[in-house]
Amino acid sequence: MVPLSYNVRSLFVRRATTLATMAGIALVVFVLASALMLTNGIKKTLDSTGSPDRAFVLRMGSDAELSSNIEAPSAKLAMDAPGVKKSAQGPMAVAELIVVAALDKTGTRGQVSNVQIRGVSDDVFAFRPEVRIIDGRPARPGTDEVIVGQRIRGRFDGVELGASFELKKNRPVTVVGVFEAGGSAFESEIWADVDTLRTSFGRENLFSSVTVQLESATSFDAFKAQVESDKRLGLDVVRESVYYEKQSGGTATFIMVTGIIISVFFAIGAMIGAMITMYGAVSQRRREIGTLRALGFSRLSILLSFLFESLVLAVLGGAIGVAAALPMGMVELSMMNFMTWSEMVFTFDPTSSVIVTALIFGSVMGIIGGFFPALRAAMTSPIEAMRD
Amino acid sequence: MSEAQSAQCAADEERQGEQGVYRGTKEVKTIVKLKGVSKVYWRGKEKVEVLHDLDLAVPEGAFEALMGPSGSGKTTLLNLIAGLDVPSSGSVRVADAQLETMGEAGRTKWRAENIGFVFQTYNLLPVLTAQQNVELPLLLANLSSSERKRRAQTALKIVGLEDRVRHRPGELSGGQQQRVTIARAIVNDPKIIVADEPTGDLDRHNADEILNLLDKLNREFEKTILMVTHDPAAAERASHRRHLDKGKLQ
């Protein structure tokens, strides 16, 4: 084998072209790593919202809470079905209403975006122990008070502790608390009293969903069979975790596919850059290659030597790209969830698999971009090379 | 001369060609034997015959200078002997290998074991140190790193550069660079050293030092040296001189 130090030092000697090529590869890896981190962030947010030992009930045929209407008697029957865990106060279950409000985004000139508002009952904190107030206090039942998720706080006009905004025209509400919910999608919602919301939006006697705490995860089948077999109810039952997985699916896939498409287009450019750099290196070092061939180095060892050089270039570029993408983990991105048509805030989630995938992608770029120049080097005739 | 004597002479010549020549009382093996060698290149549709029906026998341990005008085929002949090229016709037998029958990969491996190269323009790898350049041929042998290092340092000591092992080519003079090239040529103990204009880029003083070194390798280390040169003074240092003109040995 040709000594690896030969290739590494040759890269150092041609600093300018080496840095330019590395920058191109770094950019591609940065875009890909960011897209994968955001995809992960979306999945993590929405997946962490559901629990497998809770069942989620929607109107038959609805695939999201926004398009689901459940009448109060049906909701009550679902809550009383077998398999639902009971407490001293009765079945552990909540019936909630979802509406969407168009609010002005903070710092923009009249730009509005949808925000999901969840009508909750006063026992919601008992039902969802992962939710806790981190600033202010809970809203009092039956009032025009609301609490907001920490991720949405300050992102819309009036969505800040002590401020107020209009749920709908001439229906102001006041923010009295900020809550966290373990990084789940609830943190991008505004929670209001369910009765206030029903009255405000003319949805009396209706809920969007019913969520029940099962006696155990294995009670799900019995509960589902009972609720779905009653044709009068017209309800569908899924595990809460499955529902939120489906919610994340479309958005996450869209981000991932978009990211990959952009990365692939960028990658073509970066590979051409790497190819030009390596062709330049081969052309510049023709005599050296001829000498190595004369000394007895095989075509394969020359090929591998230049492939290694290209790989080093790509791995260094990839490492820079990943390093540049990691601080994105501190960035929160507000975007539309296609299932709820409302704004949600996601974080970039850097995991080891994202880092490894991005580095492999960069390395593959180096190998593909470097292959043809390396092949040219391997096919160099020592006689012609030394005659130059 | 009688018919019987002529027949005996012919038989002796034939034997000499196949097995070797007698130098004094010691039989010397023929290490390079070319028979009926022609080399043709095509320049577009034009046929260029660089070497024409050439015969050559070089005894082992010789120091031969190959002279001739530019374009006479000297370097082509050297390339054939070094296994860098194959003849269009004829046979090339060097160090017990029939080169024209070997494939490209086989000749590459054979070169690594049997040939040391000295080039006019040194052809050192500029990013490697003198020692790393000298170690290059040893990377093709199954040697430990410490053994490679030891042998490279020994070779550099032979050429008088033991104090320049860590210098890169750009930090050495032309004469020193050529000495590194010679160290690289001998480090794997090849049978033959081919030198193409080894003093072509050097002043008289450095040229003499390089020729002294080649002479030392020939006499003390019994290396067969084939040297292409334009320089009559350099050719004078060889034990035998051959002249090539228009693809034929004169």
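Trainee: Leaving aside neighbours within four places in sequence, which residues is Gly73(B) in contact with?

Mentor: This is a predicted model, in which local features need pLDDT of at least 70 and side-chain atom pairs count only at pLDDT 80 or more, while totals for chains, interfaces and linings use all residues. Residues are numbered from 1 along each chain as its sequence is written, chains are lettered from A and ligands numbered from 1 in the order in which they are written, and side-chain values use heavy atoms, with hydrogens and water left out. Gly73(B) lies in the loop between E4 and H2 of chain B, where helices (H or I, at least four residues) and strands (E, at least two) are DSSP runs, numbered from the N terminus. With contact taken as heavy atoms within 4.5 Å, the partners of Gly73(B) outside that window are Val50(B), Leu51(B) and Leu244(B).

Trainee: How many Å apart in space, C-alpha to C-alpha, are Gly73(B) and Val50(B)?

Mentor: Val50(B) is among the residues in contact with Gly73(B), although the two are 23 residues apart in sequence. From C-alpha to C-alpha, their separation in space is 5.5 Å.

Trainee: Does Gly73(B) count as buried or exposed?

Mentor: The cut-offs decide this, since buried means under 20% relative accessible area, exposed over 50%, and partly exposed in between (1.4 Å probe, protein chains only). Because the relative accessibility of Gly73(B) is 6%, the residue counts as buried.

Trainee: What is the relative accessibility of Ser72(B)?

Mentor: Ser72(B) lies in the loop between E4 and helix H2 (74-81) of chain B. Apart from neighbours within four places in sequence, Ser72(B) is in contact with Val50(B), Leu244(B), Asp245(B), Lys246(B) and Gly247(B). Ser72(B) counts as buried, because its relative accessibility is 2%.

Trainee: Which are the edge strands of the open sheet in chain B?

Mentor: The sheet is open, has 6 strands with mixed pairing, and follows the order E7-E8-E9-E4-E10-E11; two strands pair if DSSP finds at least two bridges between them. An edge strand here pairs on one side only, and this applies to strand E7 (115-119) and strand E11 (248-249) of chain B.

Trainee: Do E4 and E9 of chain B run parallel or antiparallel?

Mentor: Strands of a sheet pair through backbone hydrogen bonds, in either the parallel or the antiparallel sense. Strand E4 (residues 63-67) is joined to strand E9 (residues 224-228) by 4 bridges, and Leu66(B) stands opposite Val228(B) in E9(B). On its other listed partner, E9(B) is paired over 5 bridges with strand E8 (residues 192-196) of chain B, where Ile193(B) stands opposite Ile225(B). As for E4 and E9, they run parallel.

Trainee: Which residues of E9(B) point one way, and which the other way?

Mentor: In a regular strand the side chains alternate between the two faces of the sheet. Since 5 of the 5 residues of E9(B) are buried, the strand is largely enclosed by the rest of the structure. Thr224(B), Leu226(B) and Val228(B) point one way, and the other way point Ile225(B) and Met227(B).

Trainee: Which residues of the largest nonpolar core touch the most other members?

Mentor: A nonpolar core is a set of buried Ala, Val, Leu, Ile, Met, Phe, Trp, Tyr and Cys residues joined through side-chain atoms within 4.5 Å. Of the 56 residues in the largest one, those touching the most other members are Val32(B), Leu34(B), Leu77(B), Val94(B) and Phe117(B).

Trainee: Which helix gives the most to the nonpolar patch?

Mentor: Patches are made of residues with over 30% relative accessible area and no salt bridge, like charges being joined within 9 Å and nonpolar side chains (Val, Leu, Ile, Met, Phe, Trp, Tyr) within 5 Å; a salt bridge is a side-chain nitrogen of Lys or Arg within 4 Å of a carboxyl oxygen of Asp or Glu. The nonpolar surface patch covers about 1000 Å² and includes Leu27(A), Met256(A) and Ile261(A), with accessible areas from the Shrake-Rupley method with a 1.4 Å probe, where for residues only the protein chains shown count as cover. Ile261(A) is partly exposed, at a relative accessible area of 44%. With 11 residues, the helix that gives the most is H7 (residues 240-284) of chain A.
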